[in-house]
Amino acid sequence: MATKLVDLVYWRNLRRTGVVFTGLVIGLASVYQLSAITVLSHICLGAMCVTFPLRLYYKLLELLRWNPGVHPFQSYLDNDSSLTDKETVMLVEEVVLLIAFAVTEIKRLIFIDSIIDSFKFVVLLYLLTYVGFLTNGLTLVITAVIAIFSIPLFYKKQQVRIRRMVRAVKAFVKKIRNLCLSVYDSARPSPAPESAPKPASALRQKAKSK
């Protein structure tokens, strides 16, 4: 499953990835305007408008003995996409672990287990209120789908240039940090000099004079 997703994201099979990407974007854009039930029904009707006439055509050829009874979609019917018992158990365990981790983390943040983490969570929630005011969740999903199918491929194509830019940015940030530290050290008042301890001979002479 993970290998197939990686192959889709990195466009290793252009035809399959193009179909999946186009279908996702068009489907989500349609849901943006219509209800999900209407979009799903129209997608299934559109697919059957192609498969049904083609199946009747092959059946007619079979009746005329021009076709030896080959099903046009037999390869899709033979493709076993069901999960085995082991795969089902593993998938359910992963989903349960993710849900339990999310519930534990949200509980920890809401009930202030760590002040810093909870403060970050509050800032994130406050920013999300502005994001929700400017856009909706479906727009974010469409943007996320486009980013998933474009950013990894872009990084793979421009990996050397991006790493060079990242190193330049890190060097610039480090230079600014060192400059700020040097300015702070120069502006900070120097500590008062400590009085040098008197030598032991001087202390003895002072004691004898007394």
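**Exercise 1. Place L54 and relate it to F73.**

Task: Where does L54 lie, and how far apart are the C-alpha atoms of L54 and F73?

Solution. Step 1: L54 sits in helix α3, residues 36-63. Helices here are DSSP runs of H or I with at least four residues, strands are runs of E with at least two, and both are numbered from the N terminus. Step 2: L54 has a relative accessibility of 32%, so it counts as partly exposed. Buried means under 20% relative accessible area, exposed means over 50%, and partly exposed lies in between (1.4 Å probe, protein chains only). Step 3: L54 and F73 are 19 residues apart along the chain, and their C-alpha atoms are separated by 9.4 Å.

The model is predicted: local features need pLDDT of at least 70, side-chain atom pairs count only at pLDDT 80 or more, and totals for chains, interfaces and linings use all residues. Residues are numbered from 1 along each chain as its sequence is written, and side-chain values use heavy atoms, with hydrogens and water left out.

**Exercise 2. Describe the overall build.**

Task: How many helices and strands does the protein chain have, and what share of its residues is buried?

Solution. Step 1: Count the elements. The protein chain has nine helices and zero strands. Step 2: Read along the sequence. The pattern is α-α-α-α-α-α-α-α-α. Step 3: Take the burial. Of the 210 residues of the protein chain, 8% count as buried.

**Exercise 3. Check the span of helix α2.**

Task: What span should helix α2 have, and what is the distance between its end C-alpha atoms?

Solution. Step 1: Take the rule. The expected span is 1.5 Å times one less than the number of residues. Step 2: Apply it. Helix α2 (residues 14-33) has 20 residues, so it should span 28 Å. Step 3: Compare. The end C-alpha atoms of α2 are 28 Å apart, in agreement. Step 4: Name the buried residues of α2. They are T17, G18, G27 and L28.

**Exercise 4. Trace the salt bridges around R108.**

Task: Which residues are linked with R108 in a network of salt bridges?

Solution. Step 1: Recall the principle. Side chains of opposite charge can pair when their charged atoms come close. A salt bridge is a side-chain nitrogen of Lys or Arg within 4 Å of a carboxyl oxygen of Asp or Glu. Step 2: Start inside helix α5. E105 and R108 both lie there, three residues apart, about one turn of the helix. Their closest N and O atoms are 2.6 Å apart. Step 3: Add D113. Its salt bridge with R108 has closest N and O atoms 4.0 Å apart. Step 4: Add D117. Its side chain meets that of R108 at 3.2 Å, N to O. Step 5: Join them. E105, R108, D113 and D117 form a network of salt bridges. The structure holds four salt bridges.

Step 6: Look at exposure. E105 is partly exposed at 26%, as is R108 at 24%. D117, at 27%, is partly exposed. D113 is exposed, at 58%.

**Exercise 5. Find positive phi values in loops.**

Task: Where do W11 and I112 lie?

Solution. Step 1: W11 is in the loop between α1 (2-9) and α2. Its phi is near 55°, a positive value in a residue other than glycine. W11 is partly exposed, with a relative accessible area of 23%. Step 2: I112 is in the loop between α5 (85-110) and α6 (115-134). Phi of I112 is also near 55°, positive in a residue other than glycine. I112 counts as partly exposed, at 47%.

**Exercise 6. Map two surface patches.**

Task: Which residues gather in the patch of positive charge, and which make the nonpolar one?

Solution. Step 1: Set the rule. Patch residues have over 30% relative accessible area and no salt bridge; like charges are joined within 9 Å, and nonpolar side chains (Val, Leu, Ile, Met, Phe, Trp, Tyr) within 5 Å. Accessible areas come from the Shrake-Rupley method with a 1.4 Å probe, and for residues only the protein chains shown count as cover. Lys and Arg count as positive, Asp and Glu as negative; His and the chain ends are not counted. A charge is placed at NZ of Lys, CZ of Arg, CG of Asp or CD of Glu. Step 2: Name the positive patch. R161, R163, R164 and R167 gather there. R167 lies in helix α8 (residues 159-187) and is exposed at 55%. Step 3: Name the nonpolar patch. V169, F172, V173, I176, L179 and V183 make about 550 Å². V173 lies in helix α8 and is partly exposed at 49%.
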